[in-house]
Amino acid sequence: MTHVVGALIWQGDRFMICRRPPHKKRGLLWEFVGGKVESGETEQQALVRECIEELGVTVKVGELFIEVDHQYPDIHILLSIYHAEIAEGMPVLKEHVDLKWIPISEIDRYTFCPADGPVLDALKKSIL
């Protein structure tokens, strides 16, 4: 199993989503910024590193929001999504092809990576 971390970054009542490049697996689907935890890293260290690599921002990692165990055809992942805030920098697209800040009410307008489904469901329930 591959451990993956993602950042739930808020700006007011909107959260950040990023679009994968077309040449990667699950290309052009939307996701949370993040990536694989490397050997010797904590989840929080991995999330800080990934946000720097992918967006050029330093994040302050908060509480764990949700964990999802998901089996893709090519990889089995444990996805840990953390609340996070940008501590330094402005997001720049270094790996993704687009970035949006969306309210929870617009989730269904975007096609996300399948592993993000339970994360999005939990977000929707949080506003009920």
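Reader: How far apart are the mean positions of the positive and negative charges in this protein?
Author: They're 6 Å apart, taking 14 positive and 20 negative charges. Bear in mind that this is a predicted model.

Reader: OK, and what does the secondary structure come to?
Author: Two helices and seven strands. Going along the sequence, the pattern reads β-β-β-β-α-β-β-β-α.

Reader: How compact is the protein?
Author: Its radius of gyration is 14 Å, close to the 14 Å that the globule rule gives for 128 residues, so the protein is as compact as a globular protein of that length. The C-alpha atoms fill a box of roughly 40 × 35 × 30 Å along the principal axes.

Reader: How much of it is buried?
Author: Of the 128 residues, 42% count as buried. As for the outside, the accessible surface is about 6900 Å², and carbon and sulfur atoms hold 51% of that.

Reader: And what share of the contacts comes from residues 24 or more positions apart?
Author: That's 68%, counted among contacts with a separation of 6 or more.

Reader: Can you show me a pair like that? Where is E43, for a start?
Author: E43 is in helix α1, which covers residues 43-55. A good partner to look at is S80, which sits in strand β6. E43 and S80 are 37 residues apart in sequence, and their C-alpha atoms are 8.0 Å apart in space.

Reader: Why does E43 count as buried?
Author: Its relative accessibility is 18%, and buried means under 20%. S80 is buried too, with a relative accessible area of 0%.

Reader: What else does E43 touch?
Author: Leaving out residues up to four places away in sequence, E43 touches H3, V5, V37, E67, S80 and Y82.

Reader: And which residue does the S80 side chain make a polar contact with?
Author: With H3: a polar contact of 2.9 Å joins the two side chains. Beyond its neighbours within four places in sequence, S80 is in contact with several residues, including V4, G6, L64 and I66.

Reader: Switching topic. Where's H96?
Author: H96 is in the loop between β6 (76-88) and β7 (98-103).

Reader: Is H96 buried or exposed?
Author: Buried, with a relative accessible area of 7%. The H96 side chain also makes a polar contact with the side chain of E31, at 2.7 Å.

Reader: Which other residues is H96 in contact with?
Author: Not counting neighbours within four places in sequence, the contacts of H96 include C18, R19, R20, P21 and E54, along with E31.

Reader: Last thing: what's going on with phi at R26?
Author: R26 has a positive phi of about 60°, though it isn't a glycine. That stands out because most residues other than glycine have a negative phi.

Reader: Where does R26 sit, then?
Author: In the loop between β2 (14-19) and β3 (30-31). L28 is in the loop between β2 and β3 as well, and phi of L28 is also positive, near 70°.

Reader: How exposed are they? Start with R26.
Author: R26 counts as partly exposed, at 22% relative accessibility. L28 is partly exposed too, at 37%.

Reader: Hang on, why isn't R26 buried at 22%?
Author: Because buried means under 20%, and R26 has 22% relative accessibility.

Conventions: Residues are numbered from 1 along each chain as its sequence is written. This is a predicted model: local features need pLDDT of at least 70, side-chain atom pairs count only at pLDDT 80 or more; totals for chains, interfaces and linings use all residues. Side-chain values use heavy atoms; hydrogens and water are left out. Helices (H or I, at least four residues) and strands (E, at least two) are DSSP runs, numbered from the N terminus. Buried means under 20% relative accessible area, exposed over 50%, partly exposed in between (1.4 Å probe, protein chains only). A polar contact is a pair of N or O atoms within 3.5 Å; within protein, one must be able to donate a hydrogen and the other to accept it, and residues adjacent in sequence count only if both atoms are side-chain atoms. Contact means heavy atoms within 4.5 Å. The radius of gyration is taken over C-alpha atoms; the globule rule is 2.2 Å times the number of residues to the power 0.38. Accessible areas come from the Shrake-Rupley method with a 1.4 Å probe; for residues, only the protein chains shown count as cover. Lys and Arg count as positive and Asp and Glu as negative; His and the chain ends are not counted. The place of a charge is taken as NZ of Lys, CZ of Arg, CG of Asp or CD of Glu.
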